[in-house]
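Student: Please take one part of this structure and go through it closely. I would like the contacts between the chains, with the cut-offs stated, and then whatever in the interior and among the charged side chains bears on the chains involved.

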Amino acid sequence: MNTLINGIFKRDMALAFRQRSELAQPLMFLLMVITLFPLGIGPGPVTLQKIGPGVIWIAAILSSLLAMERLFRDDFWDGSLEQYMLSGQSVAAIAAVKVLVHWLVSFLPLALFSPLLALFLNLTVDMYIALMLTLVLGTPLLSLVGAIAVGLTVGLQRGGVLLALLLIPVFIPLLIFATSAVDSAALQLPYRAQLAIIGAMLMLAMASAPFAIAYALKVSQN
Amino acid sequence: MQFDSLQDFLAMGGYALYVWLSFGVSLLALLWVVVDSASTHKKLLRNAREEQARQARIAAARKAQALQSESQQTGS
Amino acid sequence: MWKWLHPYAKPERAYQLCVTLQPYFLWPGILCLIAGSIWGLAFAPQDYQQGDSFRIIYIHVPSAILSMSTYVAMAVAALVGIVWQWRTAFMAMIAMAPVGAVVTFIALFTGAAWGKPMWGTWWVWDARLTSELILLFLYLGVIALYGAFEDKQQAGKAAGVMALVGVVNVPIIHYSVEWWNTLHQGATISKFDKPSIAPEMLWPLLIALLGLALFIAAVTVMRMKNEIIRREYHRPWVKDLAARALGDDHAV
């Protein structure tokens, strides 16, 4: 079991870094979308600080929706996913490790760029700390729950917008709590409750999403 | 009866637009969904009948063709 | 314990059950809806604060409650389909989805029409309204995903998974009014407390609620019949059914 998990981990990481452009694109999308807001709404620092947390989280959700499609797509179409599922090993564990790689590969660049984003949108240090905490807790949730829908739609020819339509409603509570946390930080109020709720959702996702993803892949393989 | 006259009833204490808009749109929506379900039902059954008739015609034509070719063979 | 349900895993038996149940849902449902509406519109007393605009409650509250319970029912059907592999469960699920979506739309629309005279605005992004809008999106997502698959058995399983993922949203809607201090008033009917509404106003509300519930069940049953026919097109019993319906206006 461990050999397979390790193998998939190394393989996916290698593949991800080999296709560096495919990695960079969602990140560039994120940066550009965030740049649109000051350009569209006006550069007033007070306004930017007010909308900042929301803008960053919305941009994170949208760019992760774009990036998520590659999670199972290549493996599905070249047959290696079918081989994983026929291997007799736990598909849930395989799904979990693929999601882990995907998260590492998409979250770490986001974390690296976050100070720049905070600068662009005039966030205070307190807000930035709260933002990072929500991102650390919330982005795995995006990857885990998103992977379920990706698993369901991987075989469809016209996946695209359908994936976003399915996932955006499900991500809305996360968006609400995350931005509420950062807004509370802006007002020097405690935000442990919001983090706790996001953490609870994450725990639930960690416990159940791998099995849902495994089932979704089974449905797609038919 | 809470209202003194039909005019008062329709006026709904000044809120006529909101009350009648709500009830009206809801009624239309519910009507639409039930009418759509019933008409789809009729359409499906009609399609099933036409499909059956078509299959019967195809089968009859094949049979006629088979008989014809049979008689041609025995004839010549 | 559930053995009596087992025959209904077969589409033909399920179809017969739908045919039997339909009149018992449809006509009492329509009757209760009409009775509740007339009672609420003409005979219930005015609200001392909101005047006659409050009469919208007689469609808004039933549709809001039932929009959520229909989603839960849809998720239960999805669960039955996934766990026990019943095709008829997925057919029931997809039959409920459009009805639930329409009822959610009614809740949103009547909520907006009620909000304008009450709060001075057609729309406000408070927790309850927002969550109801998300619920509408969830319904539409289930319908869209089902439609994207050619193989309807696959479609049922996929849409079922999304319905289950979305069902986590339903308690969030329900408790959002407690969690956030918002514009929307608190729950009018609760299992444990005495309702904060006068009895003369409560009765038409309960009748309208019952009526809408029966109506939703009736339309679900009608749509389930349609889905069964679509999926079982080539079976002999469907062919007999279609032949019997020839020339009959009240096609069974």
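Tutor: What follows goes through the chain contacts, then the nonpolar cores, then the charged side chains.

The model is predicted, so local features need pLDDT of at least 70 and side-chain atom pairs count only at pLDDT 80 or more, while totals for chains, interfaces and linings use all residues. Residues are numbered from 1 along each chain as its sequence is written, chains are lettered from A and ligands numbered from 1 in the order in which they are written, and side-chain values use heavy atoms, with hydrogens and water left out.

Two pairs of chains are in contact, and chains B and C share the most contacts; contact here means heavy atoms within 4.5 Å. Chain A and chain B are joined by no contact, and their closest C-alpha atoms lie 24 Å apart.

Between chain B and chain C, 32 residues of chain B meet 46 residues of chain C. About 3500 Å² is buried between chain B and chain C, 76% of it from carbon and sulfur atoms. Buried area is the accessible area (1.4 Å probe) that two parts lose on being put together, summed over both. One salt bridge is counted between chain B and chain C, the term standing for a side-chain nitrogen of Lys or Arg within 4 Å of a carboxyl oxygen of Asp or Glu. Arg223(C) and Asp36(B) form a salt bridge, with their closest N and O atoms 3.1 Å apart. Seven residue pairs in polar contact are also counted between chain B and chain C (both at pLDDT 80 or more). A polar contact is a pair of N or O atoms within 3.5 Å; within protein, one must be able to donate a hydrogen and the other to accept it, and residues adjacent in sequence count only if both atoms are side-chain atoms. On the side of chain B that touches chain C, the largest share, 25 residues, belongs to helix H2 (residues 16-75) of chain B. Helices (H or I, at least four residues) and strands (E, at least two) are DSSP runs, numbered from the N terminus. By class, that side of chain B has 20 nonpolar, nine polar and three charged residues. Ala, Val, Leu, Ile, Met, Phe, Trp, Tyr, Cys and Pro count as nonpolar, Asp, Glu, Lys and Arg as charged, and the others, Gly among them, as polar.

The contact of chain C with chain A takes 20 residues from chain C and 19 residues from chain A. Here the buried area is about 1900 Å², with carbon and sulfur atoms giving 81%. There are zero salt bridges between chain C and chain A, and two residue pairs are in polar contact across this interface (both at pLDDT 80 or more). On the side of chain C that touches chain A, the elements giving two or more residues are H4 (127-148), H5 (152-167) and H6 (169-179) of chain C. H4(C) gives the largest share of that side, seven residues. The residues of this side of chain C divide into 15 nonpolar, three polar and two charged.

Helix H4 of chain C also holds Glu132(C). Glu132(C) is buried at a relative accessible area of 7%, where buried means under 20% relative accessible area, exposed over 50%, and partly exposed in between (1.4 Å probe, protein chains only). The side chain of Glu132(C) is in polar contact with that of Ser67(C), at 2.6 Å.

Next, the interior. The largest nonpolar core has 125 residues, and those with the most contacts inside it are Trp57(A), Phe72(A), Ile213(A) and Met74(C). Such a core is a set of buried Ala, Val, Leu, Ile, Met, Phe, Trp, Tyr and Cys residues joined through side-chain atoms within 4.5 Å. Leaving aside neighbours within four places in sequence, Met74(C) touches residues including Met93(C), Tyr139(C) and Ala163(C). Another core, of 37 residues, lies apart from the largest one and includes Ile59(C) and Ile216(C).

Last, the charged side chains: ten salt bridges are counted over all chains. Arg230(C) pairs with Glu227(C) in a salt bridge, the closest N and O atoms being 2.9 Å apart. Arg230(C) and Glu227(C) are separated by about one helical turn because they are three residues apart in helix H7 (residues 199-231) of chain C. Arg230(C) is partly exposed at 42% relative accessibility, whereas Glu227(C) is buried at 8%.
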